[in-house]
Amino acid sequence: MQRARVTPIVMLLGAGLAGAAEPVYQKPPKDILDVLNAPPPAAISVSPAKDTAILLQAVAHPSIEELAQPMLRLAGLRIDINTNGPHLMPHNVSYRLLRLKDASAEAVKLPAGADKLSAPVWSPDGRRFAFTVTGARAIELWVGETATGRARRMEGVRLNAVIGEPEGPFGRMGAPMVWMPDSRTLLARLVPAGRGAAPAEAKVPKGPAIQESAGHSGPVRTYEDMLSNAHDEDLFDYYATAQLAFLDTVSGKAAPAGKPGIYTSLEPSPDGRSILVTRIHRPYSYLHPFRDFPTEIEVWDRAAKKLYTVASLPLADRVPIDGVRTGPRDCEWLPGEAAALVWVEAMDGGNPKEKVPHRDRIMKLAAPFTQPAEEVFETEQRFAGLQPLENGKIALVEDYDRDRRWRRTMEVDLSKPGGEGRVLFSRNVQDRYHDPGSPVMETLKSGRRAVMEEGGWIYLESLGATPKGDRPFLDRYNLETGKTERLFECGTQGYETVEAVLDRDGKRLLTERESPAEPPNYFVRSGEMLTALTHEPDPAPQVRGVHKELVTYEREDGVPLSFTLYLPPGYKQGEKLPALLWAYPFEYNDAATAGQVSGSTERFTRLTGHLLLTLAGYAVLENAGMPVIGTPETVNNTYLDQIVMDARAAVKKAAAMGVVDAARVAVGGHSYGAFMTANLLAHSGLFRAGLAESGAYNRTLTPFGFQTERRTLWEAPDLYIKMSPFMSANHIKAPLLLIHGEADDNMGTFPINSERLYQAVRGNGGTVRLVMLPLEAHGYAGRETLEHVLWEELRWLDKYVKPEAAGAQ
């Protein structure tokens, strides 16, 4: 059983000796602390009616006490047993309604103490918005009225938010409710009434936990938080099982629908008469997350009577790595019809290694679901997305060739089975300079999402990558002629993105504007005229003295590279600073895409994480280019040689600029960047020290592949060993700081990686420190944790990098 734990909030396991005083959380200097805990920028959510938006203000970081709430780790989920929802629910503390017509604003009225708000879920007509408020013992459902700004609690409703909708404003956790097309009724997942106490664990085991395989191939990634025994299965059933109910947001009445079950998706049809229901059931797996469990995809009526079974799928335990499940997947309603479904089926057995003329096919079936489904289109490569237009007949369909990293967008007429798709866009997905943009979507009155289209024109928004940095743009594209017209493009001064297209001709936009010295604020743009909606102040004026610039250069084989250079306030020209190079390797097919610039130096300068070390006098080489170039099947054969070339080029360039002392440079990274860090210390003499956060260092622990590596350990044993810094721990002589969350939830980065690398480096006489962070997952969240991590990293750099004497300890 994955027991709920409450860890003392002052405990931190470090590299201390037995008998030493128990470590406690430390803080970095006050100037760093003040910036770290400054309020984050507000987020925005625009109503489907495009006349109102909600401004959401989050807290900078939750406290470690919040992370310490009792939690179960089951089937890939982290469950708060007090609230019956996700561990660490969204944490917004306030809502402000913005009227886009006159730029007026008002606070949404909430009672005192209601400070853990989710993102809003808008009704299709935009007149209402639903959201959750997380309390100490329950997750409440609230509904606000757009016209008045008033919100009220739905009495007697306790939401089950363990599993929510797979997409939507709640992000990875999903919303536990969905609006019906009438914009008055919510279909919600509730905690079943009278369910009793959670299953108690037997004091004496009834028997062993057993797994068995009957000889069928079933490779699986190294997932965290899986079920491990029968009691875990019972707990998963207890917390994930929900009672569906239709909730009238006007009268407050609740009408239960169907029997309690574990529902992973609920999707009302455009006419509101049917519900597409996806649910999972036993037998479960101890190796796979819940979305791989046996699945039923069904169409129900409003009385919860089953009208049609789309698919009854077994446990997905034989899916090839990078493959897909066989049978129907990606099932959804089409807009423009009362109740017509489309879904996708694999034609290659779900195996990307099979050589077939077509990998997937799109199927369609309309109410009353009495006829066989018909095939409407086949994709040559793996299906990658379907975005319908409002009429439901035309859709933009994407497929993806993993060998070429190539994506195509095609216009497909779903009303003409067997038709040919017309290719609109085709490019390498890593070619940011030639990205035409993504279609702007809108919510229809039926609640369905569709590509925004007017008179044959659709709208495309892109970050607008260029060799000098991103310049976001909005185009409109004529589906018939292929003609493109630019409606908006960010200038060379400042940074502005389109948050929403407010009218159908694309002339009125909601944008977010910022510059290196001006914090992000929201505006309504009509041509060149701007109307400010927000006036957020600078949360950390002391950061304005930081210098930031894009630096381009080449590695020795001619591959173009770049990094963003951060210099501390008060930097004096000609001064050579100690530095931190921070990076994350990516794989590419060719040098042209590998060298493309990402990001923009025209954005508001916010210092987070390792960038805060700039305030302590360090230069930071942020997002240093670390490409590994080659064919997908063998790209890692030269991984070590290439990252050393990448790192050498960055250090050489920074030193040539006269801003960095090449003898006083550290390297750091998170996750695969930490893996890179350990390898660079083992295989190059470029760096004085290393900072490695939450990495995987022994690739034999991820035997069925990692990152984009396709070969298994048994197919390429020498490669797995060569790339593992654990196997070269005897060569790591520069001081290495290892930091890892004790509750890491990322695939492959088990905490044992850092623990064993620490032992290996220590055992071979290296200088190393291990900091294990209680309660923290792959990305660190707790305020006290983040403060302590900065204290550790600054202390490490001050001790081993800042001293000018070579080899200073």
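**View 1. Helix 3 lies across three strands of a predicted model.** Here helix 3 (residues 230-240) crosses strand 14 (242-248), strand 15 (254-268) and strand 16. Its direction is about 115° to strand 15. Angles like this run from 0 to 180 degrees between N-to-C directions, using axes fitted as lines to C-alpha atoms, for helices over the stretch in contact. Contact means heavy atoms within 4.5 Å. Helices (H or I, at least four residues) and strands (E, at least two) are DSSP runs, numbered from the N terminus. Helix 3 also lies across strand 3 and strand 4, at about 110° to strand 3.

A word on the model: it is predicted, so local features need pLDDT of at least 70 and side-chain atom pairs count only at pLDDT 80 or more, while totals for chains, interfaces and linings use all residues. Residues are numbered from 1 along each chain as its sequence is written, and side-chain values use heavy atoms, with hydrogens and water left out.

**View 2. Seven strands line up in an open, antiparallel sheet.** Follow the order 12-13-14-15-16-17-18. At the edges sit strand 12 (177-179) and strand 18 (306-313), each pairing on one side only. Two strands pair if DSSP finds at least two bridges between them. Neighbours in this sheet are turned by 35° against each other on average, direction ignored. Zoom in on strand 16 (residues 274-280) and strand 17 (residues 295-301): seven bridges join this antiparallel pair. Look for Ile280, which stands opposite Thr295 in strand 17.

**View 3. Three strands make an open, antiparallel sheet.** The order is 3-4-5, with strand 3 (71-74) and strand 5 (85-86) as the edges, each pairing on one side only. Strand 3 is joined to strand 4 (residues 77-80) by four bridges, and the two run antiparallel. Leu74 stands opposite Leu77 in strand 4.

**View 4. The second largest pocket holds about 630 Å³ of space.** On a 1 Å grid over the protein atoms alone, a pocket is an open set of points where a 1.4 Å probe fits, with protein on both sides within 12 Å along at least five of seven lines; lining residues have an atom within 4 Å of a point. Of the 34 lining residues, Leu607, Thr608, Gly609, His610 and Leu611 are the closest to the centre. Helix 9 gives the largest share of the lining, four residues.

Technical notes:
Grid points are joined across faces, edges and corners, and a volume is the space filled by probe spheres set on the points.
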